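Hi everyone, thanks for making time this morning. I'd like to walk you through some side-chain contacts, so please have a look at the structure on the screen.

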Amino acid sequence: ICCLLITPVPQHGIFPARRVFFSKMDHLTQRFFVVIVSGVLVWGCASNSSLTLPETNPTELRSQLRKQLQKNRDDQKALSLMGVLSVSQGKHQEGLHYLNRAAALDPENLEIRKWQGKAYLAKGDVKKAMDIFRAALTAHPSWRSEYEEKMEPQLLKTLSSKFKGRRQRQYHQIITKFDNKIFARHPKESAPVFEAQGDYLFRAGDNGRALKAYTKSLSYAPKKTVILFKLGRCQAALGELEKADKHFGEFIELSKSEDKGKNYILAGEALERGFNFSAAAKYYEAATHQVPENSKILEQLGLVHLKNGNLKAAKIAFQRFLKLENTSNARVNIARKYLRYRHMDEAIKLWTEAVELNPDDVGLWKVIARVLKSQKRLKDLKTVIGFPDRHLAWAEVYMDLRQYEKSLQHYADALKTKHPLQRGSKQALPTTISRDSKFGIQILPNI
């Protein structure tokens, strides 16, 4: 530029005479015009130069940049590099502090804007990142192609990951404002976004809109079989059983052989939650053939039959379950299910079997006694439990029922037996006596 000011100029001036606007200027004015334009171009190139960190030790670089900022706190280059260094090291909040100061000094700097947007994306603030990117595109339209190629995929990945955390509603609202062209340009990154949106809507109970989101996700990733299950789940909740059955069938057919049993169970659970018990039983039954050693499926199958009012099918399923789980606790568990659906006789039968398997479990005796008392069938207690000679256990049961006279009588009978007392009946007696002093006075002389 300096050379341009001092170099002799041809007679016709810097610009040819045919350029009417410039030819009317005197030579000195033409020189100054060129100087101004050149300065603007140089400034523009410098302001948008790439922010690349020098190849040096990050600790040393940070120290150097701090010294520069101590000398001049408004050193834009030092602020920008410090921001880039912090973001690169995962210190996003610190990086934004420096980048925001640099952006205030040079609002039109595209490179600073890029790093600001990246930092906000790393923090999960998608809305703020989008605002910065929009402003950068308005000021630098030529950046659009790079933005669409590099920034949009990052935006979509951040959205899909943030749907798994808190504040999911705001991300759902952001997606609804996106231009559909973005999703068309990046189908691979768009599929997880719509899947996450569908999960959010399904949890919120909005099955209709969740179905639309899952359909979009499947259109971008047709080979992702789990979306077929989620489509069927929504349709089951909406009562569209034929469509749900079709998608569940495709989901199971496309799954690996070792996963088929698990996937039958998933389909059954989805149908059960939608109160489609007959359809759920069909999938649970199919699962029992895939994984016959899984007793939990048989238990769930029996429960679904009970919910559907099919007692005969429930008894068959529970019998198959008890062949695999031949324990006292398993029988108690099934008895409770029968009781919940008002099948008292079946519950009593299983309790009797449970006591035979584990007669020392006095806690089980007490449970049976309380249930029979609530059903006004306490007269059947001794028939259900049996073991009439276990006086100490019967004493504890009657004490739990607040029938203290019978409890004291059984304690007295336990003391008369020739066998050693079980479970420290002498220690239990003071508790019983303290509840009813009248019967205590009668039995104390015998201890």
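Let's begin with Lys307 and Glu272, whose side chains meet in a salt bridge, 2.6 Å from N to O. Lys307 belongs to helix H18 (residues 295-307) and Glu272 to helix H16 (residues 260-273), so this pair ties together parts that are 35 residues apart in sequence. How accessible are the partners? Lys307 counts as partly exposed, at 30% relative accessibility, whereas Glu272 is buried, at 11%. Please keep in mind throughout that this is a predicted model.

The next salt bridge joins Glu346 and Lys315, and here the closest N and O atoms are 3.9 Å apart. This pair also links distant parts of the chain: Glu346 is in helix H21 (residues 344-357) and Lys315 in helix H19 (residues 311-324), 31 residues apart. Glu346 has a relative accessibility of 19%, so it counts as buried, because the cut-off is under 20%. Lys315 is partly exposed, with a relative accessible area of 32%.

Now for Arg209, which forms a salt bridge with Asp206; their closest N and O atoms are 3.4 Å apart. Arg209 is partly exposed, at 42% relative accessible area, and Asp206 is partly exposed too, at 25%.

So how many salt bridges are there by this rule? The count comes to 27. Some of them join up: Glu195, Asp199, Lys224, Lys230 and Arg233 are linked in a network of salt bridges.

Let's move from charges to the nonpolar side chains. The largest nonpolar core has 75 residues, and those with the most contacts inside it are Phe133, Trp143, Leu159, Phe178 and Phe248. Take Leu159 as an example. Setting aside residues up to four places away in sequence, Leu159 touches Val126, Tyr171, Ile174, Ile175, Phe178 and Val193. There is also a second, separate core of 33 residues, and among its members are Ala347, Ala354, Val371 and Leu381.

On to the rings. The structure holds 15 aromatic pairs. One of them is Trp365 with Phe387, a stacked pair at 6.4 Å centre to centre, with 25 degrees between the planes. Why does that count as stacked? Because planes under 30 degrees apart fall in that class. Trp365 sits in helix H22 (residues 362-374), while Phe387 is in the loop between helix H23 (381-385) and H24, so the pair links parts of the chain 22 residues apart. Is each partner buried or exposed? Trp365 is buried, with a relative accessible area of 0%, and Phe387 counts as partly exposed, at 30%.

Phe387 has another partner as well: the charged end of Arg390 sits over the ring of Phe387, 5.4 Å from its centre. A similar arrangement brings in Lys382, whose charged end sits over the ring of Trp394, 5.4 Å from the ring centre. Elsewhere, ring pairs link Phe229, Phe248, Phe251, Tyr264 and Tyr283 into a cluster. You may recall Phe248 from the list of residues with the most contacts inside the largest core.

One last stop, at His391. His391 is in helix H24 (residues 391-400), and it is buried, with a relative accessible area of 17%. Which residues does His391 contact, leaving aside neighbours within four places in sequence? They are His410, Asp413, Ala414 and Thr417.

That's my tour, and I'm happy to take questions.

Note on methods
Residues are numbered from 1 along each chain as its sequence is written. This is a predicted model: local features need pLDDT of at least 70, side-chain atom pairs count only at pLDDT 80 or more; totals for chains, interfaces and linings use all residues. Side-chain values use heavy atoms; hydrogens and water are left out. Helices (H or I, at least four residues) and strands (E, at least two) are DSSP runs, numbered from the N terminus. Buried means under 20% relative accessible area, exposed over 50%, partly exposed in between (1.4 Å probe, protein chains only). Contact means heavy atoms within 4.5 Å. A salt bridge is a side-chain nitrogen of Lys or Arg within 4 Å of a carboxyl oxygen of Asp or Glu. A nonpolar core is a set of buried Ala, Val, Leu, Ile, Met, Phe, Trp, Tyr and Cys residues joined through side-chain atoms within 4.5 Å. Rings of Phe, Tyr and Trp (its six-membered ring) pair if their centres lie within 6.5 Å; planes under 30 degrees apart count as stacked, over 60 as edge-to-face and the rest as tilted. A charge sits over a ring if NZ of Lys or CZ of Arg is within 6 Å of the ring centre and within 35 degrees of the ring normal.
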